[in-house]
Structure formats: C-alpha cells, structure tokens
Amino acid sequence: MKDQRDLGFWKLWNLSFGLFGVQIAYALQSSQVSRIFSTIGADPHDLSYFWILPPLMGLIVQPIVGSASDRTWTRFGRRLPYLLVGAAVAIIVMCFLPNAGSLGLSISAAIIFGLVMLMLLDTSINMAMQPFKMLVGDMVNERQKGLAYSIQSFLCNAGSVVGYVAPFVLAWFLSNTAPAGEVPATVTWAFYLGAFILLLCVVYTFAKVKEMPPHEYAAFHGISEDKNGNAPKENMFRLLVKAPKVFWTVGLVQFLCWAAFLYMWTYSTDAVASQAFGAPSMQQVTGITVDGQEYNDKYIFNGEQPVLENGRLALGGVKIDGELTHPDVLIAGGDTIVAGGCLVVADGVEKVNPHGGLIAEAGDKLVVDGREMIVSDRAEAVSALTLALAGEGTSLTLAHIAKLDANTGRYILEETSQVPAASGEISVNYKTVLNPATKAYQSAGDWNGNLLAIQAIAAVLWAVVLAGFRRRKLGYSLSLLIGAAGFVSVFFIHNQYVLGISYALMGCAWAAMLSMPFTILTNALSGGNIGTYLGLFNCTITIPQIVAALCGGAVLHCFPPAANGAPLTVGMLVVSGVLLAIGSVAVWNIKETFGSRSSSPAEAMAETQMGTDADI
C-alpha cells in the first residue's frame with residue numbers, strides 16, 4: 001500500500017464544496033415538498049405515500065452509482081461524471097417542481113406531475129451526492145479523513161441552512177400567498193435560487209478537483225488491478241452476504257432513525273401550522289353521493305359548467321331577493337350588493353373584479369377562492385350544484401377527464417357518463433384539512449424551514465460534542481434519546497419561537513445519524529469495494545423510509561382529529577420520538593469491528609468523526 005502525502009486544507013475543501021449546492025436542493029426537497037403537495041390539494045393522509053418515491057429512487061440509484069463508479073475510469077474522472085449528470089437533471093427539475101400547481105392542471109394531474117418531478121429530483125440528488133462520499137475515501141489518507149469528513153459535514157449543514165431559510169428570507173421581498181392550488185412565489189424562487197447555486201458549485205468542483213489515475217489509485221489503496229486499471233470486483237449480493245455483522249446491527253438503528261425523520265419531513269409543516277400558527281381548517285369537497293352511490297371524480301358537470309372542481313363547489317351566483325345574479329355580473333352603487341368571484345358584500349364595502357369563484361363550505365361559513373364571503377341579509381351565495389339540481393329532470397355529467405380550453409374558456413369532456421337522476425337525496429362529501437391558501441399556513445411553511453435550519457446548526461454544534469465522547473456508543477445512544485425528547489415536546493408547545501428548542505434537540509439526533517453509522521461501518525471495511533458497500537448501506541436509509549411512508553396514512557388515521565377538525569399531524573412527531581427512543585436502546589447491540597486499513601481501534605476512531613449527509 002502506497003502512503004499518500006497530506007492534502008492542503010483547500011484541496012480537502014474543494015473535494016466536498018459541491019455538496020453545498022447539492023444539499024441546498026436536498027433541504028428544499030425535504031422542507032418544502034409536503035407544503036407543495038398540500039398547497040396543490042393533497043390529502044394529509046396521503047402525504048406519506050408521496051414520500052415513497054424519494055427513498056425508492058435512493059434504494060435503486062445509490063447501489064448502482066456506487067458499484068458503477070467503482071468500475072468507471074474516464075478522462076473526466078471516476079466519480080465526477082455521475083455528479084455532472086445528476087446535478088444537470090436536478091437543476092432542470094428544480095425549475096419545474098414548484099410550478100406543478102400553476103400549469104392549469106386539475107388537482108390529480110398536478111399531483112401526478114409533481115410526483116414525476118419529485119422522482120426525478122431525488123434520483124438526481126442521489127446521483128450527485130454519492131460521488132462526494134466516495135471522493136474522500138478515494139483521495140484522502142487515513143490521517144486526514146477526520147478533517148475531510150468534518151469539512152464535508154460543515155458544507156452539508158451550511159447548505160441545509162441556506163435551503164431551509166430561503167423561503168422565509170424571500171418572503172421579505174416576494175408574496176407568501178398565492179391563489180388556491182398554486183405555490184407561493186417565495187417557494188418557487190427558492191427553488192430557482194437553489195438551482196443556480198447548484199450550477200455554480202458543480203462548475204467549481206469540475207474546475208478544482210482532479211481524481212487519481214487508475215494505477216495511482218490501486219497503489220494508494222493497496223489493491224491489485226487488471227489490465228484496464230480496475231480493481232477486481234465481486235457481485236454486490238455476494239458482498240452483502242459477506243458484510244460484517246456491524247452492517248446489520250447499525251442498519252437496525254438506521255431503520256428506526258430514518259423512519260422517524262421521514263415522518264418529521266412529511267408532517268412537520270402541518271404540525272407547525274396547527275400548533276403554533278393556528279392555521280384554519282376547511283372542508284374540501286371530495287365528491288357527491290346520489291341515492292347512496294358515491295361519485296368521487298374530480299369534476300362533475302351540468303352541461304358545460306363545472307359544479308365540482310378542484311376540491312370545491314363552483315360558485316353559481318348570488319341570489320338577491322330571490323333573483324339570481326351570476327358571478328360574472330358586477331352590481332354596484334347605492335345600497336345594492338357587490339357580487340364578485342371573491343366576495344359578496346353589502347353596500348359596496350369592497351369591490352372586486354368579477355370572475356368565477358370556487359366555494360368551500362365550512363360549517364355556516366362560505367369561503368370563495370380561499371376567502372371568507374361576507375353575505376348581506378338580502379343575499380345568499382348559491383353553488384353551481386344547487387343550480388344544477390334546481391330544474392326538473394336535471395342530470396349531472398360525471399367526467400373522468402376534463403380540460404379547460406384556455407382559448408374558449410369551455411371545458412372539454414372525455415370519458416363521460418351520466419349520473420342517474422336522484423330519487424332520494426344528493427349530498428356533498430367533504431374532508432376537513434388545513435387551508436393551505438391562508439397566510440397562516442404559508443407563514444408556517446416558511447417558519448418550518450427556519451426550524452429545520454436551527455436543527456442543522458444544532459447538529460453542527462453537537463457534532464463537536466460528539467467528537468469528545470470516548471465511548472462512541474454512549475454518544476450515539478444519548479444523541480438519539482435527546483432527539484426523541486425534541487420530537488415529543490412539539491406536542492406540548494404552541495409558541496413558534498419555543499419550537500426552536502425542540503428542533504435543536506432533534507439536531508442532536510441528526511448529528512449522530514450523519515456521523516456515527518458511516519464511521520462505524522467504514523472502520524469495519526477494507527479492500528476495493530468501498531463504493532459498493534456504501535451504496536448497499538444506503539438501503540438502511542431508504543428501506544425504512546419506504547416502510548414508514550407506506551404506513552404513514554394508516555398511523556395518522558389512528559389519531560383523533562385536532563380541535564379544528566383537521567388531522568392530528570403533530571401526533572406523527574410523537575411517533576417519531578418513540579422510534580428514536582427505541583433506536584437509542586438498539587445502539588447498545590452494536591459491536592464495532594475494524595478492517596485491515598486501520599491498525600488499531602484508536603487509529604480507526606480517529607479516522608472519521610463526521611460523515612456526509614445521507615440521502616432520502
């Protein structure tokens with residue numbers, strides 16, 4: 001094995017600098033995706049299912065990238081080509097994802113579009129992040145790995161902070177609210193900014209980092225190489241069978257930890273909105289029931305006019321003294337009524353430009369286009385469904401696919417069928433959710449990013465404390481227990497600033513999750529299959545998230561509704577706390593081993609004090 005001279009600080013810095021940009025993308029994804037889907041109109045009970053795609057992509061991509069890059073030698077490098085491809089796709093997708101609700105699509109179509117973008121984004125982030133984990137293992141000697149991983153961890157957390165706080169900072173300059181179903185400009189421009197920084201970081205990395213040629217790499221790692229300069233490789237499934245026991249014992253702790261944080265990423269925006277911002281709930285229309293038969297498609301029509309659209313009843317008009325006034329007519333002057341798409345007010349208190357509105361019924365209130373309507377004693381708002389049922393023999397058209405023609409303003413129906421005329425009653429079906437169109441909800445979304453930034457900063461500080469623990473397992477276990485307390489405490493806190501303490505405690509667990517597993521595993525590994533093993537180890541991160549996502553909706557249903565009738569999403573953070581507490585106990589089942597690359601446990605423990613951020 002050939003010894004390698006120490007690298008200067010800035011060379012170590014350059015090896016990991018690109019992680020700053022990649023981590024901004026990762027932070028925006030983890031903090032804003034649930035907010036984006038909730039804003040589009042997704043059911044909170046379905047949110048966890050959307051989070052299946054990110055870890056599923058990581059499960060597939062990470063081992064492939066790890067194994068393939070172990071075999072790759074090009075004039076651009078060994079790991080860097082994967083960074084280039086992954087970052088390029090991420091940059092493009094980051095410009096599309098936040099616009100899913102602004103393309104004129106129905107709720108279901110917008111969600112499908114968003115899911116495709118999320119899948120591509122996470123795949124590309126995984127592909128771009130994996131090379132940085134391997135560059136340190138490839139090019140840094142044992143004496144400097146602790147410093148190299150510490151730099152990498154710092155850049156990861158710094159990128160996280162930028163990504164988390166970006167929407168909050170942009171709210172000083174841009175609107176933090178948007179029409180119902182559309183993502184606010186603060187979130188959209190945060191993704192644009194993140195894409196631009198990622199581009200700069202990738203360009204910098206390619207300009208500054210030069211990887212070892214094959215013969216030098218083989219000499220440095222003490223492995224034989226074939227005629228093409230490649231180290232002999234084993235089938236990844238055989239490697240998995242031969243994996244050290246610590247691979248599995250650490251994997252159990254990983255399972256519990258990453259399931260816990262998956263629930264935090266999924267439900268924290270709604271939990272913060274409900275706990276600290278008092279975000280109002282709304283009744284979202286899910287369909288109608290005709291003579292006991294439910295019709296739950298997204299659009300129900302009478303002729304060409306929608307009566308049920310995007311989770312709301314369409315506004316049919318305003319009745320004044322029994323006379324119907326359509327929403328496209330503006331009445332003003334004297335003591336008459338102003339009837340517009342957004343408000344119905346007495347005595348001309350507020351004028352609005354007339355346009356068709358959408359009604360969300362919530363108890364005795366009527367909310368049109370996300371705003372509560374003010375209705376005079378002489379006027380009542382009438383939904384399009386009421387008008388559709390007013391005439392004798394009126395039937396409704398059930399449209400499975402409906403598109404609004406932007407040129408004609410008319411709906412194009414496909415795959416339609418007639419709903420039979422009702423012999424009994426027709427009722428409207430609702431589900432109660434937080435109203436994402438309100439300022440309180442969107443402010444909570446920005447504040448949730450700040451809380452996650454506090455978590456990231458706390459993780460950096462706690463990592464310094466962790467490095468001082470002589471007993472690694474004690475530090476690991478204690479960190480997870482502190483994080484568990486942070487998760488559970490959210491249930492009892494209703495002040496947005498005090499919540500910062502809870503998230504700081506979560507940061508202690510996060511710091512341990514980023515450093516301890518990779519330290520323990522890499523100390524146990526030796527040979528030329530480091531990339532493959534790290535890719536396989538990523539399964540201990542992705543599989544628990546997939547399992548947790550599949551179970552999330554069912555677990556949330558176990559909690560009673562909150563006081564405002566919306567799902568009790570904060571209960572999922574309590575579940576996260578319980579999982580971390582169990583994980584802190586499971587740590588004591590780990591028995592560390594040391595590969596041939598480390599001459600002693602003391603030397604091995606000095607290698608890696610901080611690992612890189614793991615992907616979802």
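**Figure 1. Trp51 and Trp265 are both buried.** The model is predicted. In this view the two rings form a stacked aromatic pair, 6.5 Å centre to centre, with 25° between the planes. The pair links distant parts of the chain. Trp51 sits in the loop between helix 2 (47-50) and helix 3 (53-71). Trp265 belongs to helix 10 (residues 245-275). In sequence, 214 residues separate Trp51 and Trp265.

**Figure 2. Trp265 also pairs with Trp258.** The ring centres lie 6.0 Å apart. The planes meet at 50°, so this pair is tilted. Tilted pairs fall between the stacked limit, under 30 degrees, and the edge-to-face limit, over 60. Trp258 is buried, and so is Trp265.

**Figure 3. Seven aromatic residues form one cluster: Phe9, Trp10, Trp13, Phe17, Phe20, Phe154 and Tyr204.** For context, the count of aromatic pairs comes to 21.

**Figure 4. Strand 1 (residues 281-290) is largely enclosed by the rest of the structure.** Seven of its 10 residues are buried. Strand 15 (residues 426-434) pairs with strand 1 in the antiparallel sense, over nine bridges. One bridge joins Ser281 to Leu434 of strand 15.

**Figure 5. Strand 1 and strand 2 form a hairpin.** Two residues lie between the strands. Asp291, in the turn, has a positive phi of about 50°. The pairing is antiparallel and runs over three bridges. Thr289 has Glu294 in strand 2 as its bridge partner.

**Figure 6. Asn296 lies in the loop between strand 2 (293-295) and strand 3 (299-302).** Asn296 has a relative accessible area of 38%, so this residue counts as partly exposed. Leaving aside residues up to four places away in sequence, Asn296 touches Thr286, Gly287 and Asn429. Val285 is 11 residues from Asn296 in sequence. The C-alpha to C-alpha distance between Asn296 and Val285 is 9.2 Å.

**Figure 7. The whole chain, as a setting for the close-ups, holds 18 helices and 15 strands.** Of its 616 residues, 57% are buried. Among contacts between residues at least 6 apart in sequence, 77% join residues at least 24 apart. The chain exposes about 24,300 Å². Carbon and sulfur atoms supply 62% of that area.

Technical notes:
Residues numbered from 1 in each chain as written. Predicted model: local features only at pLDDT ≥ 70, side-chain atom pairs only at ≥ 80, totals over all residues. Heavy atoms only, no water. Helix = DSSP H or I, 4+ residues; strand = E, 2+ residues; numbered from the N terminus. Buried < 20%, exposed > 50% of the residue type's maximum accessible area, 1.4 Å probe, protein only. Contact = heavy atoms within 4.5 Å. Areas by Shrake-Rupley, 256 points an atom, 1.4 Å probe, with all protein chains shown as cover. Pairing = 2+ DSSP bridges.
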